[in-house]
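Hi everyone, thanks for coming. Let me put the structure up on the screen so that we can walk through it together.

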Amino acid sequence: MATYRELLARVRDEIEEIGSAEARERDSALFLDVREQNEWDEGVLPGAVHIPRGELEQRIEGLVPDRSREIVVYCAGGSRSAFATKSLAELGYENVVNLAGGFTDWKRNGYPVETPRSLSADQRARYSRHLLIPEVGEAGQQTLLSSRVLLIGAGGLGSPASLYLAAAGVGTLGIIDADVVDDSNLQRQIVHSTERLGEPKVASAKRTVEALNPDVEVKAYQERLTSENVERILADGWDVIVDGADNFPTRYLVNDASVWHDIPLVHGSIYRFEGQVTVFKPHEGPCYRCLFPTPPPPELAPSCAEGGVLGVLPGIIGSLQASEALKLLLGIGETLQGRLLMFDALATTVDEVSIRRDPSCPVCGESPTITEYVDYVQFCAGPRVAT
Ligand SMILES: [Zn+2]
């Protein structure tokens, strides 16, 4: 039976070790910190990622799928990380070295350390189900908390989208809506409530969202998006736009702004029992005008016809929009870019069609013909389909 010292010595013989000076030269390596949370919170090597030793084997494949990746493992003094290095080699990681002397030696040499952003105890509890997913984890949660999503409309689509994005911890939500809460909204617009009748929708949404999650700041824009205010609102800086607009003029404005500002746009629309969702990622996939270069004549535009919507439908489509937005923010998974998803609530079917970028698109094409915002103001005289 080996003592701890003998076991450690044996493990060190089996792995490769480097000193702080050599580690500092390895710019392209991934520095993996295997210390405990309280040690990590005190300071880390710049750019390091964190998996406590006890969770290493379980979480490493999610964090580092590429087994040929160059990894420098460290702990406080180099012992725990020696065992971690051996364990990673046994898991098939081919290019792993231990930092001899660990964080203590690195710091003693006067090399740079940084204080990590870390979640509070409350946030750790609130987002625990995210922290358990390797694709999100603490780094992903930090990304969400520093992310900014602009929601067009606090109606049927904006309600579930804003609630789920807020619950997920997206730190800043912008909400644009000029309307007040009306009793015909409450059949589907779940961010509002009966006691809010007559209140501006953005104020009502802000109260609900901030009550759900105090980590979230809501920037309320009580106005209708127009060519006059679109640049001012976009100047506040957004990572993703979620379009829950109920009308064509706004949809075109949002599309053109998304292309010109290079902001991914999550599009959703609903009509009676049918909903559609897609992602327009500027210059990578199609934009809305690649599909519909200009608005249809009013008599053919479905959103100008009188029509209802099944109350739950925007809940489904708006939730899909929130899901796409979260993936865009986190840079994970396959988005709906280049795919139009169509949901039929009456038949309970989901269909998908490919959509392509149009080289002759008037906005994102090779020779754009539309270079300024267009207000299609007189476009729709009839009643709108409220989302
Ligand atoms: Zn286009």
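Let me begin with a question: which residue does D33 stand opposite in strand 4? Please keep in mind that this is a predicted model.

The residue is Y74: D33 stands opposite Y74 in strand 4. Now let's see where that pair sits. Strand 2, residues 30-33, and strand 4, residues 71-74, run parallel and are joined by four bridges.

Let's step back to the sheet. It is an open sheet of five strands with parallel pairing, and if you read across, the order is 1-5-4-2-3. Strand 1, at 17-18, and strand 3, at 49-50, are the edge strands, since each of them pairs on one side only. Helix 5, made of residues 80-90, packs on this sheet and touches strand 2, strand 4 and strand 5, which covers 96-99. Compare directions, and you get about 175° between helix 5 and strand 5.

Now for two loop residues further along. R272 is not a glycine, yet its phi is positive, about 55°. You'll find R272 in the loop between strand 10 (265-271) and strand 11 (274-280).

T348 is also a residue other than glycine with a positive phi, this time near 50°. Look for T348 in the loop that lies between strand 12 (339-344) and strand 13 (349-354).

Are these residues buried or exposed? R272 has 43% relative accessibility, so it counts as partly exposed. T348 counts as exposed because its relative accessibility is 62%, and the cut-off for exposed is over 50%.

Thanks for listening!

Definitions and conventions
Residues are numbered from 1 along each chain as its sequence is written. This is a predicted model: local features need pLDDT of at least 70, side-chain atom pairs count only at pLDDT 80 or more; totals for chains, interfaces and linings use all residues. Side-chain values use heavy atoms; hydrogens and water are left out. Two strands pair if DSSP finds at least two bridges between them. Helices (H or I, at least four residues) and strands (E, at least two) are DSSP runs, numbered from the N terminus. Contact means heavy atoms within 4.5 Å. Axes are lines fitted to C-alpha atoms, for helices over the stretch in contact, and angles run from 0 to 180 degrees between N-to-C directions. Buried means under 20% relative accessible area, exposed over 50%, partly exposed in between (1.4 Å probe, protein chains only).
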